[in-house]
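These notes are meant to be read beside the sequence and the structure. The points begin with one loop residue and its surroundings, and then widen to the whole chain.

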Amino acid sequence: MPLLVDGRRVRLPLSATELVRAHPLLEERARLLRGQSVQQVGPQGLLYVQQRELAVTSPKDGNGATCLTHCDGSDTKAEVPLIMNSIKSFSEHAECGRLEVHLVGGFSDDRQLSQKLTHQLLSEFDKQDDDIHLVTLCVTELNDREENENHFPIIYGIAVNIKTAEIYRASFQDRGPEEQLRAARALAGGPMISIYDAKTEQLRIGPCSWTPFPHVDFWLQQDDKQILENLSTSPLAEPPHFVDHIRSTLMFLKKFPSPENILFPGNKALLYRKNKDGLWEKISPGN
């Protein structure tokens with residue numbers, strides 16, 4: 001079934017600019033989202049989704065479900081069906097609901113990687129069996145600002161209030177639990193995975209494995225400029241914490257070149273649940 005905007009079939013392929021020109025309401029929604037102030041989101045009650053992760057959950061009353069994911073173009077063809085299956089299998093009454101998609105991120109990068117990913121995502125959603133309603137499109141040139149002839153994203157992060165379904169601009173100090181382990185899995189080439197079981201309210205990490213990261217000592221010896229230029233797809237547009245994040249992830253990969261039995265004793269997943277204060281607390285054995 002087709003990808004729809006306000007009940008009308010989307011005719012692909014179209015760039016983001018062409019798409020909002022054909023569907024002006026998309027441009028207005030993108031403008032409103034870009035115009036928001038950035039909200040600082042603390043760790044209390046937060047379920048943070050890293051690169052190549054997805055999480056599905058719903059409010060306590062069970063009214064609606066939300067799937068949040070961070071796609072990076074590594075395998076869009078496999079990731080979109082995984083997203084769809086995750087949200088549909090979450091509810092026994094999925095066929096009664098309306099499936100909506102909100103795409104946010106990317107910018108007008110020199111290598112046009114954002115444009116390529118946007119095209120892939122729209123194309124794959126359009127190929128799914130269900131009617132999918134495109135509600136928000138704030139991507140590539142719709143999420144771009146120019147400064148001194150360099151391009152940058154306007155929105156770097158979003159959050160979703162699952163009680164109200166509100167999507168808003170956000171920044172995060174806490175990206176856990178197990179931030180380094182999860183980042184290492186992605187940097188080492190791990191695929192998209194679901195990290196949260198809403199029925200048990202548990203965040204599940206692993207067990208996962210990776211091969212030793214190639215030339216890790218070499219990369220750890222490089223200065224910030226070299227790391228940015230070689231380990232980022234958009235060196236000029238990365239947020240301030242990017243290099244420190246990559247260095248700490250490389251250190252983690254060096255410390256744990258083969259993580260199976262060390263990080264996941266008995267080859268069992270690490271499990272976390274929110275405590276009464278809304279903070280993650282480990283409930284499974286492990287380091």
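1. Which residues does Phe107 touch, not counting residues up to four places away in sequence? In this model, which is a predicted one, Phe107 touches Ser114, Gln115, Thr140, Asn143, Asp144, His151, Phe152, Pro153, Ser234 and Ala237. Phe107 itself lies in the loop between β6 (99-105) and α4 (113-126).

2. Is Phe107 buried or exposed? With a relative accessible area of 8%, Phe107 falls under the 20% cut-off, and it therefore counts as buried. The C-alpha atoms of Phe107 and Glu141 are separated by 5.5 Å, although these two residues are 34 residues apart along the chain.

3. Asn143, one of the residues touched by Phe107, is placed in the loop between β7 and β8 (144-147). Its relative accessibility is 0%, so Asn143 counts as buried. Where does the side chain of Asn143 reach at 2.8 Å? The partner is the backbone nitrogen of Ile155.

4. The contacts of Asn143, with residues up to four places away in sequence left out, are Gly105, Gly106, Phe107, Cys138, Phe152, Pro153, Ile154 and Ile155. Phe152 and Pro153 appear in this list, and both are also touched by Phe107, so that a reader looking at this part of the model can take the two loop residues together.

5. Thr136 is found in strand β7, which covers residues 132-139. At 10% relative accessibility, this threonine counts as buried. Which side chain makes a polar contact with the side chain of Thr136? The partner is the side chain of His102, and the distance is 2.7 Å. Leaving aside neighbours within four places in sequence, Thr136 is in contact with Leu26, Leu33, Val101, His102, Leu103 and Val104.

6. Ile193 belongs to strand β12 (residues 193-194) and, with a relative accessible area of 27%, is partly exposed. Once residues up to four places away in sequence are set aside, Ile193 touches Arg52, Glu53, Leu54 and Arg185. Measuring from C-alpha to C-alpha in the model, Ile193 and Leu117 are 18 Å apart in space, with their positions 76 residues apart in sequence.

7. Two peptide bonds that precede proline deserve a look by anyone checking the backbone. The bond from Gly176 to Pro177 is cis, with omega near 5°, and Pro177 lies in the loop between β11 (166-172) and α5 (179-187). A cis peptide bond also joins Gly206 and Pro207, where omega is about 0°; Pro207 is found in the loop between β14 (202-205) and α6 (216-220).

8. Which value does phi take at Asp6, a residue other than glycine? Phi of Asp6 is near 50°, a positive value. Asp6 has its place in the loop between β1 (3-5) and β2 (8-9), and at 43% relative accessibility it counts as partly exposed.

9. Asn267, likewise a residue other than glycine, has a positive phi near 55°. This asparagine lies in the loop between α9 (260-263) and β15 (270-274), and its relative accessible area of 47% makes it partly exposed.

10. Turning to the chain as a whole, there are nine helices and 16 strands. Why can the chain be called as compact as a globular protein of its length? Its radius of gyration is 19 Å, close to the 19 Å that the globule rule gives for 287 residues, and the chain is therefore as compact as a globular protein of that length. Along the principal axes, the C-alpha atoms fill a box of roughly 50 × 50 × 35 Å.

11. Of the 287 residues, 41% count as buried. Among contacts in the chain with a separation of 6 or more, 68% are accounted for by residues 24 or more positions apart. The chain exposes about 15,900 Å², of which carbon and sulfur atoms supply 49%.

12. A last point concerns charge. The chain carries 32 positive and 39 negative side chains, and the centres of these two sets lie 3 Å apart.

Definitions and conventions. Residues are numbered from 1 along each chain as its sequence is written. This is a predicted model: local features need pLDDT of at least 70, side-chain atom pairs count only at pLDDT 80 or more; totals for chains, interfaces and linings use all residues. Side-chain values use heavy atoms; hydrogens and water are left out. Helices (H or I, at least four residues) and strands (E, at least two) are DSSP runs, numbered from the N terminus. The radius of gyration is taken over C-alpha atoms; the globule rule is 2.2 Å times the number of residues to the power 0.38. Buried means under 20% relative accessible area, exposed over 50%, partly exposed in between (1.4 Å probe, protein chains only). Contact means heavy atoms within 4.5 Å. Accessible areas come from the Shrake-Rupley method with a 1.4 Å probe; for residues, only the protein chains shown count as cover. Lys and Arg count as positive and Asp and Glu as negative; His and the chain ends are not counted. The place of a charge is taken as NZ of Lys, CZ of Arg, CG of Asp or CD of Glu. A polar contact is a pair of N or O atoms within 3.5 Å; within protein, one must be able to donate a hydrogen and the other to accept it, and residues adjacent in sequence count only if both atoms are side-chain atoms.
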